[in-house]
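Here are a few exercises to work through with the structure open beside you. Try each task before reading its solution.

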Amino acid sequence: MDLFDRMLELSGQGFYCAQILMILALESEEKEDPDLVRAMGGLNGGLGFSGRVCGALTGGCCFLSYFLGKGEAEELEDPEAALLIGRLAEWFEETTKSKYGGCSCREILDGDPRNKFQRCPELVEAVYHKCVELLQEKGGIP
């Protein structure tokens with residue numbers, strides 16, 4: 001199954017942008033973590049469906065942090081984690097500003113909830129690819 005079809009399948013199961021990105025990160029390591037996926041739900045729809053910062057961006061930041069961040073007391077965060085997350089955010093802001101006028105869900109959807117059926121899947125897929133690209137540049141691929 002290709003990436004877009006998998007994303008559509010997850011969407012059809014009731015998952016949203018940030019959750020889908022985390023599920024894809026987990027699946028790249030053949031893992032499941034329903035608690036983590038549930039927690040990611042707070043980022044969906046622009047922070048709890050408030051229309052603020054897009055969940056594809058915040059989910060992408062979490063995607064990168066999943067691979068680069070600190071998860072245990074003895075573990076160290078990758079020294080490039082903040083840099084790569086910053087690069088993702090900069091890329092996302094530039095991409096969405098030029099295409100939609102900003103990076104909030106409100107701006108991306110432009111007041112029309114029907115836009116989420118076209119724009120959101122495209123953005124989530126683009127964020128996934130950008131995250132993988134950043135990790136590959138670093139030498140660690142999911």
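**Exercise 1.** Which residues line the second largest pocket? Bear in mind that this is a predicted model.

*Solution.* Start with the residues themselves: R6, L10, Q13, F15, I23, L26, E27, K31, E32, D33, P34 and V37 form the lining of the second largest pocket. Next, assign them to elements. At least two lining residues come from each of α1, α2 and α3 (34–40), and α2 gives the largest share, with three residues. Then sort the lining by class, which gives six nonpolar, one polar and five charged residues. Finally, add the volume: the space in this second largest pocket is about 160 Å³.

**Exercise 2.** Describe the largest pocket, from its volume to its lining.

*Solution.* The volume of the largest pocket is about 560 Å³. Its lining has 22 residues, and those closest to the centre are Y16, C17, K116, C120 and P121. Now look at where the lining comes from: α1 (3–12), α2 (17–28), α6 (105–109) and α7 (116–138) are the elements that each give two or more residues. Of these, α7 makes the largest contribution, with six residues. Sorting by class finishes the picture, with 17 nonpolar, four polar and one charged residue in the lining.

**Exercise 3.** How do α4 and α7 pack: roughly parallel or roughly antiparallel?

*Solution.* First take the geometry. The axes of α4 (residues 55–68) and α7 come within 10 Å and cross at roughly 30°. Angles under 35 degrees count as roughly parallel, so α4 and α7 are roughly parallel to each other. The handedness of their crossing is right-handed. Next, find the contact residues: α4 uses A56, G60, F63, L64, F67 and L68, while α7 uses V124, V127, Y128, C131, V132, L134, L135 and K138. By class, the contact of α4 with α7 holds 12 nonpolar residues, one polar and one charged.

**Exercise 4.** Work out how α1 is placed against α7, and which residues make the contact.

*Solution.* Begin with the angle, which is about 125°, with the axes of α1 and α7 11 Å apart. This angle makes α1 oblique to α7. The crossing of α1 and α7 is right-handed. On the α1 side, L3, F4 and M7 make the contact, and on the α7 side P121, V124, E125, Y128 and H129 do so. Divided by class, the contact of α1 with α7 has six nonpolar residues, one polar and one charged.

Notes
Residues numbered from 1 in each chain as written. Predicted model: local features only at pLDDT ≥ 70, side-chain atom pairs only at ≥ 80, totals over all residues. Heavy atoms only, no water. 1 Å grid on protein atoms, 1.4 Å probe; cavity = no way out; pocket = protein on both sides within 12 Å on 5 of 7 lines; lining within 4 Å. Points joined across faces, edges and corners; volume = space filled by probe spheres on them. Helix = DSSP H or I, 4+ residues; strand = E, 2+ residues; numbered from the N terminus. Nonpolar A, V, L, I, M, F, W, Y, C, P; charged D, E, K, R; others polar. Axes fitted to C-alpha atoms, helices over the stretch in contact; angles between N-to-C directions. Parallel < 35°, antiparallel > 145°, perpendicular 65-115°, else oblique. Left-handed = near helix turned anticlockwise from the far one by under 90°. Contact = heavy atoms within 4.5 Å.
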